[in-house]
Amino acid sequence: MAQRLKHTPERTCVVCRQKAAKRSLIRLVRTPDQGVQVDPSGKRNGRGAYLCHQPACWQRALQGDALAKALRTTLTAEDRARLQAAALQFAILKDEAS
Ligand SMILES: [Zn+2]
């Protein structure tokens with residue numbers, strides 16, 4: 001980097017393609033042995049993808065294949081359940097079952 005300007009790192013939500021500051025997106029990472037995990041620290045090794053806080057993006061990520069494609073994997077039922085739990089934890093999705 002030749003320039004030393006302050007730069008806010010931006011990432012793109014893999015579903016809606018909106019750019020946002022890296023910190024305002026949620027990183028998901030494909031781990032070699034634990035499937036797809038939410039990575040709040042943003043520092044885990046592995047192929048990562050970002051989602052914004054819109055419920056529709058998480059729903060589409062869970063139901064469609066945009067996230068799986070971005071991570072170059074397929075989501076197992078376990079992965080989906082884990083991500084859904086994370087979305088509930090972050091109050092992105094509401095628990096409709098209860
Ligand atoms: Zn989005």
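# A walk through the predicted chain

The chain holds 3 helices and 5 strands, where helices (H or I, at least four residues) and strands (E, at least two) are DSSP runs numbered from the N terminus. Read from the N terminus, these elements follow the order β-β-β-β-β-α-α-α. The radius of gyration, taken over C-alpha atoms, is 14 Å, close to the 13 Å that the globule rule gives for 98 residues, so the chain is as compact as a globular protein of that length; the rule itself is 2.2 Å times the number of residues to the power 0.38. Along the principal axes, the C-alpha atoms fill a box of roughly 50 × 30 × 20 Å.

The model is a predicted one, in which local features need pLDDT of at least 70 and side-chain atom pairs count only at pLDDT 80 or more, while totals for chains, interfaces and linings use all residues. Residues are numbered from 1 along each chain as its sequence is written.

According to UniProt, in an unreviewed entry, the feature "domain: YlxR" covers residues 11-84; UniProt positions are given in the numbering used here, feature names are shortened, and annotations may be inferred rather than shown by experiment. Within that span, 30% is helix and 24% is strand, and the end C-alpha atoms lie 21 Å apart.

A natural place to enter the fold is the open sheet, in which 3 strands are arranged in the order E4-E3-E5 with antiparallel pairing, two strands being taken as paired if DSSP finds at least two bridges between them. Strand E4 (36-38) and strand E5 (47-51) stand at the edges with a single partner strand each, so one side of each is left without a neighbour in the sheet. Neighbouring strands are turned by 30° against each other on average, direction ignored, with axes being lines fitted to C-alpha atoms, for helices over the stretch in contact, and angles running from 0 to 180 degrees between N-to-C directions.

Strand E3 (residues 26-30) pairs with E5 in the antiparallel sense over 5 bridges; Ile-26 has Leu-51 of E5 as its bridge partner, and Arg-30 has Arg-47 of E5. E3 also pairs with E4, again in the antiparallel sense, over 3 bridges, and here Val-29 is matched with Gln-37 of E4. The hairpin of E3 and E4 has 5 residues between the strands, and in this hairpin Gly-35 takes a positive phi near 70°.

E3 is mostly covered, since 4 of its 5 residues are buried; a residue is buried if 20 or more other C-beta atoms lie within 10 Å of its own, exposed if 12 or fewer, and partly exposed in between, with C-beta atoms placed from the backbone. Over the chain, buried residues make up 24% of the 98 residues.

In soluble globular proteins, nonpolar side chains tend to be buried together. The largest nonpolar core here (a set of buried Ala, Val, Leu, Ile, Met, Phe, Trp, Tyr and Cys residues joined through C-beta atoms within 7 Å) has 21 residues, and those with the most contacts inside it are Cys-13, Val-14, Leu-28, Tyr-50, Leu-51, Cys-57 and Leu-67. E3, E5, helix H1 (55-63), H2 and helix H3 (77-89) each supply at least two residues of this core.

Leu-28 can be followed outward from the core: leaving aside neighbours within four places in sequence, Leu-28 is in contact (C-beta atoms, placed from the backbone, within 7 Å) with residues including Val-36, Val-38, Ala-49, Leu-51, Leu-67 and Leu-71. Another position to inspect is Ala-70, found in helix H2 (residues 66-70), which counts as buried because 20 C-beta neighbours lie inside 10 Å. Ala-70 touches Val-14 and Ala-49, not counting residues up to four places away in sequence, and the C-alpha atoms of Ala-70 and Gly-48, 22 residues apart in sequence, are 8.0 Å apart in space. Among contacts in the chain between residues at least 6 apart in sequence, 49% join residues at least 24 apart.

The loops and the C-terminal segment remain to be considered. Arg-17, in the loop between strand E1 (10-12) and strand E2 (19-21), has a positive phi of about 70° although it is not a glycine, and Arg-17 counts as exposed because 10 other C-beta atoms lie within 10 Å. Ala-91, in the segment after H3, likewise is not a glycine yet has a positive phi, of about 60°, and Ala-91 is exposed, with 9 other C-beta atoms within 10 Å. Ser-41, in the loop between E4 and E5, is exposed with 8 C-beta neighbours inside 10 Å, and the C-alpha atoms of Ser-41 and Cys-13, 28 residues apart along the chain, are separated by 17 Å.

Technical notes
Two residues are in contact if their C-beta atoms, placed from the backbone, lie within 7 Å.
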